[in-house]
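Me: I have a model open and would like to talk through some of its strands. Could you keep me company while I look?

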Amino acid sequence: MSTELDFEKPIRDLKEKIEELRTFTEEKEIDLSDEIEKLEKRLHALEENIYGNLKPWQRVQIARHGERPTTLDYIEQLFSDFLEMHGDRLYGDDEAIVAGIAKYKGQPVTVIGHQRGKDTKENIRRNFGMPHPEGYRKALRLMKQAEKFHRPVICFIDTKGAYPGKAAEERGQSEAIARNLLEMAGLKVPIVCIVIGEGGSGGALALGVGDRIHMLENSTYSVISPEGAAALLWKDASQAQRAAETMKITAPDLKELQIIDDIIPEVRGGAHRNVAEQAEAIDQVLEKSLKQLSSLTTEELLNERYEKYKKIGEFSHVNDAISVN
């Protein structure tokens with residue numbers, strides 16, 4: 001069973017009670033089916049209430065769940081003939097980003113995504129999903145290759161942010177991210193971006209300039225983590241829950257602000273409950289997006305991308321000063 005979060009404790013307790021009654025029924029051969037049925041109805045209502053009214057901090061917790069599906073999990077479910085490529089041809093390979101070519105329903109595509117681990121050993125290997133500059137340069141190398149061979153680019157976003165260490169800065173972390181933003185803005189092939197977990201800061205945005213941006217229902221996308229925002233605003237990282245509720249970082253918030261295009265519904269309780277079912281939901285949105293984008297000429301594609309980002313945000317002139325919302 002997947003590890004439950006704190007706010008899921010009432011659900012867990014009720015499931016355990018139902019299981020106890022079922023075990024008692026089998027062992028004592030006493031018919032408790034009516035009581036079990038009543039509890040199951042209560043369980044369904046409780047799940048609807050909790051998962052249907054998730055608060056921002058609860059969505060953050062689900063997005064960070066240790067068993068949440070990663071880029072490689074979705075690659076296995078959605079694509080065939082995936083061939084991973086390594087290295088940026090400048091410094092080395094960064095395992096915090098996986099990139100390669102694959103087939104999607106028979107169509108050649110380039111797939112790129114952040115990759116974190118699911119245990120301590122793998123997280124160390126993947127640098128906890130926080131890329132170094134060579135990771136972003138590897139991603140860009142694959143994007144330019146996709147442009148050369150007219151392959152759509154599909155990006156999976158799932159990172160707390162780019163690695164902030166001294167070595168990463170020495171190797172040009174900020175330039176690598178900025179370069180990706182610039183190049184993706186003018187890439188002459190369709191780009192579909194899907195936030196599958198945490199979308200943190202420029203580390204996420206470096207894979208996030210797309211023609212279509214979709215988010216899983218319980219993922220987050222922001223310029224800074226709730227802990228980081230709390231530390232800056234109130235000098236107290238423990239105020240992260242308060243920050244999450246004011247930052248507008250959830251999929252419903254970003255859809256309302258017209259930052260993203262679609263919210264992809266999640267399996268009840270989170271994507272980690274059923275990877276195959278969650279991949280099917282992603283598949284429907286991905287297929288629709290690629291079909292729409294593939295019908296556009298290169299000029300139409302670039303113009304629509306430009307207009308898309310031009311519309312983000314609201315600008316107003318007040319006494320010759322510009323305010324930005």
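Reply: Before any bridge partners come up, a word on terms: two strands count as paired if DSSP finds at least two bridges between them. Please also keep in mind that this is a predicted model.

Me: OK, which way do β6 and β8 run, and how many bridges join them?

Reply: Strand β6, residues 212–216, and strand β8, residues 262–264, run parallel and are joined by 3 bridges; within this pairing, D262 in β8 is the bridge partner of H214.

Me: And how many bridges join β5 to β6?

Reply: There are 4 bridges between β6 and strand β5, which covers residues 191–200, and these strands run parallel, with R212 in β6 serving as the bridge partner of V192.

Me: Are the residues pointing either way from β6 buried or exposed?

Reply: They are all buried, with R212, H214 and L216 pointing one way from the strand and I213 and M215 pointing the other way.

Me: Switching topic, how many residues of β3 are buried?

Reply: In β3, which spans residues 107–114, 6 of the 8 residues are buried, so by that count the strand is mostly covered.

Me: What does β3 pair with, then?

Reply: Strand β2, residues 97–104, runs antiparallel to β3 and is joined to it by 8 bridges, among them one in which I112 of β3 partners A99, while strand β4, residues 153–159, runs parallel to β3 with 4 bridges, and there V111 stands opposite I154.

Me: What about the turn between β2 and β3?

Reply: The two strands form a hairpin with 2 residues between them, and K105 in that turn has a positive phi of about 55 degrees.

Methods
Residues numbered from 1 in each chain as written. Predicted model: local features only at pLDDT ≥ 70, side-chain atom pairs only at ≥ 80, totals over all residues. Heavy atoms only, no water. Buried < 20%, exposed > 50% of the residue type's maximum accessible area, 1.4 Å probe, protein only.
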